[in-house]
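Subject: Structure handover

Hello,

Here is the structure for your files. Notes on what was found in it follow below.

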Amino acid sequence: MERLIESALMPGRFISHHADFSFVEELSTVEKQLAKLISTDPAQAVSLYETFLAGCHEKAEEIDGSSGSFGQFVGELFCGWIKARQAAGADPDETAARLLAWVEDDPYGFCYRLEEDAAKAFSTAGLTAFVKQIRARFAAAATPTPRPGEHAGHSPDSARRRWAEILRTLYLRRKNVAAYQALAEETGLTPEDCHALATMLAGRRKAEEALSWVERGIALAKKASSGSMAGYDLAALKRALLTSLGRGNEALDAAWAEYREHPSKYSYDDLMKYVPKTERGGWHEKAIAAAMGTDLHSLIELLLETKELERLAEIVRRSTDEALAGVTHFATEPAAKKLEKAHPDVAARLWCAQGMRIVNAKKSKYYEAALSNFERARCCFEKAGLHADWQRIVEKVRTDHHRKTGFMSGFDEIVAGSGPTEKPSFLERAKTRWGARQ
């Protein structure tokens, strides 16, 4: 087994970013064989897991681990080590102490957020010992300010926050509402804490109590100087709790208030979950009307999602070229494809907007995509009989971007009607050639 581990680690060979996936896959194959020893010879498995961990730490200087897959694998080794220790009947306090020693001395970041997976690997006794020792470290880091000359990242305050976050993860894993609440109130309640507490209480079917925590969290999120990511989750949980309590009308009111504040295809979908089927037509019209003042990106996505193609076409016609160019292709491209058949004039403007966005930003590596956009725009302008509009675009591109020679040669070909067409894919070319051979 040690020979397998050493062979898989490829000592002396640097593993590039492109090779790390297959490298880690081979390591995982060896670990699966090692895991089988936990049930037959757990003491031997513990020793081999420690050997494997030592080898991975030695290998850390010989791998581009930017993808994170190697670090994730080392985290799995730690969990295997925990299971092997437990199967061997090792003392839970000693296991927790040794693991925390690695967490505190972690030069390569292998133990970052290890507690999430470790909590699943620990037995009840092991998790209790782990929490107890983290709690002791949290209490020991109570000094409010760093010593003179001490780096802020190593200050007691920083350590205290770190241990508090680990405790939060473990209390949430154990669904320990009382311990989580006490810790949150001791360290400063956040909207995320309120969401965690509400989720745990909802799981215990204490919807009213959960709702009070949701309300508290929403109030905290509104007071935060920077927007809290928990705000959206709290609002969604509030609607679900109101529905479970038989207060569907209040859930609908909350969804409508959220939609009016942030109209989008996502908040529209949330809203429609709470609208009675017989009333959806009226609510749809109401929602579309309320969205007309929102940003162009969200409005295009919403109208496309709700199949309001006539309204979408009208919005695009009323928008300036500059405004359309300011919208990302994630919104304009699907809209252009959808409108090409019924509204080629509108689709043409959307294709032009995507092309202009690229050349205006001087993103040369995307010039091929820009040329494809302009070619589709030309076809749509011709289909709509808007030759003068196409010529206006041609003159603008030539005036503003004539120095971009790498782009202009391809653009001139498109204007001449012989522009680059979409090339067949690699497999299409291969099948054609293979067919000819046959």
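What should the 17 residues of helix 21 (residues 344–360) span at 1.5 Å a residue? The expected value is 24 Å, taking 1.5 Å times one less than the number of residues, and the end C-alpha atoms are 24 Å apart, which agrees. Helices here are DSSP runs of H or I with at least four residues, numbered from the N terminus.

This is a predicted model, in which local features need pLDDT of at least 70 and side-chain atom pairs pLDDT 80 or more, while totals for chains, interfaces and linings use all residues. Residues are numbered from 1 along each chain as its sequence is written, and side-chain values use heavy atoms, without hydrogens or water.

Of the 17 residues in helix 21, 14 are buried (under 20% relative accessible area, 1.4 Å probe, protein chains only), so the helix is largely enclosed by the rest of the structure. K362, with a positive phi near 60°, follows helix 21.

Helix 5 (residues 69–87) packs on helix 7 (residues 114–121) at about 30°, with the axes 9 Å apart; axes are lines fitted to C-alpha atoms over the stretch in contact, and angles run from 0 to 180 degrees between N-to-C directions. The two are therefore roughly parallel (under 35 degrees). On the helix 5 side, G75, F78, C79, I82, K83 and Q86 meet L114, D117, A118 and A121 of helix 7, contact being heavy atoms within 4.5 Å.

H284 lies in helix 16 (residues 280–291) and is buried, at 13% relative accessible area. Leaving out residues up to four places away in sequence, H284 touches Y268, M272, T306, E308 and R311.

Regards

Methods
Angles under 35 degrees count as roughly parallel, over 145 as roughly antiparallel, 65 to 115 as roughly perpendicular and the rest as oblique. Buried means under 20% relative accessible area, exposed over 50%, partly exposed in between (1.4 Å probe, protein chains only).
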